[in-house]
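Morning, everyone. I have one structure to walk through today. Have a look at it first, then we'll go through the packing.

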Amino acid sequence: MRNTPPDIENADVIRFSPIKLPYRYNALEPYIDEETMLIHYNKHYLGYLKKFSDLVDRYDINDQVIDIMQDINKYPVEVRDNGGGYVNHSLFWKMLKPNPKGKMNRPKGVCLNKIIEEYGTFGEFKNLMVEASKQRFGSGWIWWVMNKDGSTNILATPYQDNPYMPEYNSYPLLGIDVWEHAYYLKYDADRTDYVKNIFNVINWDEVENRCVVGNRSIFDVNIIN
Ligand SMILES: [Fe+2]
């Protein structure tokens, strides 16, 4: 039992609430199909959140969610897997955006400048993300991250690991879920085609906000809500 007043308990409930999907389940078609989104959000994402919430209660964890990620090795591995699943998908939903006109969403501003400075062109950056997804054997995520010195790099993490964890010690700008549950219904085993296509529906406004925050070196900002 937690020795905390009811309002703190309520705050925790809010802190670990799901992100509401910012668009309809079919809004990312034809790149991500409705059925995949429905299952991904309701079964996988809410499943991670439920298990994470149970673990937080069981182990009496009172830290903020990003603090938990940054100090993840002090917790059992199930906190890493389910807390990571909650954090990663909460980021992922917001990093996607419908593309009703069929013209690929493209980066701009600080974000585009960083891409050109460090990778040459947006096309080359995209190719490197696709390559990273090929090299991630098994389930995981592909990230574009900012390091504490302001430089960026492309990172592949296993399972539900994320850049906040001390092994990676960086700030996520863009994350792409490459678990089979994210693409198998539409793309079968063709992960490469899925990653290429998801670039049509990246929410570069969200990524731009994160590039600006990262540039101010605020690595502990609570970005979930
Ligand atoms: Fe997923």
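Start with helix 8. What do its buried residues pack against? Three elements: helix 6, strand 3 and helix 7. Helix 6 covers residues 122-135, and helix 7 covers 184-187. Keep in mind that this is a predicted model.

Which residues of helix 8 are buried? The helix runs from 191 to 198, and the buried ones are Arg191, Tyr194, Val195 and Ile198. Down the helix axis, these buried residues fall within an arc of 95 degrees, so they line one face of helix 8. The spacing is worth a reminder. An α-helix has 3.6 residues a turn, so residues three or four places apart point the same way.

Now the partner, helix 6. How does helix 6 pack with helix 8? The angle is about 150 degrees, and the axes are 9 Å apart. The cut-off for roughly antiparallel is over 145 degrees. Helix 6 and helix 8 are therefore roughly antiparallel to each other. Their crossing is right-handed. Who makes the contact? From helix 6, we have Met129, Val130, Ser133 and Lys134. From helix 8, we have Arg191, Thr192, Val195 and Lys196. Notice two names coming back: Arg191 and Val195 are in this contact, and both are buried.

Next, strand 3, another of the elements that the buried residues of helix 8 pack against. Strand 3 spans residues 171-177. Is it mostly covered or uncovered? Mostly covered: seven of its seven residues are buried.

Strand 3 belongs to a sheet. Three strands make up this open sheet, in the order 2-1-3, and the pairing is antiparallel. Strand 3 is an edge strand, and so is strand 2, residues 152-158; each pairs on one side only. From one strand to the next, the twist averages 25 degrees.

Let's take the pairings one by one. Strand 1, residues 140-146, pairs with strand 3 over six bridges, antiparallel. There, tryptophan 143 sits opposite glycine 175 of strand 3. On to strand 2. How many bridges join strand 1 to strand 2? Seven, and these strands run antiparallel as well. Valine 145 has asparagine 153 of strand 2 as its bridge partner.

One last helix. Helix 4, residues 77-94, packs on the sheet and touches strand 1 and strand 3. Its direction makes about 85 degrees with that of strand 3.

So, to recap strand 3: strand 1 pairs with it, helix 4 touches it, and the buried residues of helix 8 pack against it. Over to you.

Definitions and conventions:
Residues numbered from 1 in each chain as written. Predicted model: local features only at pLDDT ≥ 70, side-chain atom pairs only at ≥ 80, totals over all residues. Buried ≥ 20, exposed ≤ 12 C-beta atoms within 10 Å, placed from the backbone. Helix = DSSP H or I, 4+ residues; strand = E, 2+ residues; numbered from the N terminus. Pairing = 2+ DSSP bridges. Arc of directions from axis to C-beta. Contact = placed C-beta atoms within 7 Å. Axes fitted to C-alpha atoms, helices over the stretch in contact; angles between N-to-C directions. Parallel < 35°, antiparallel > 145°, perpendicular 65-115°, else oblique. Left-handed = near helix turned anticlockwise from the far one by under 90°.
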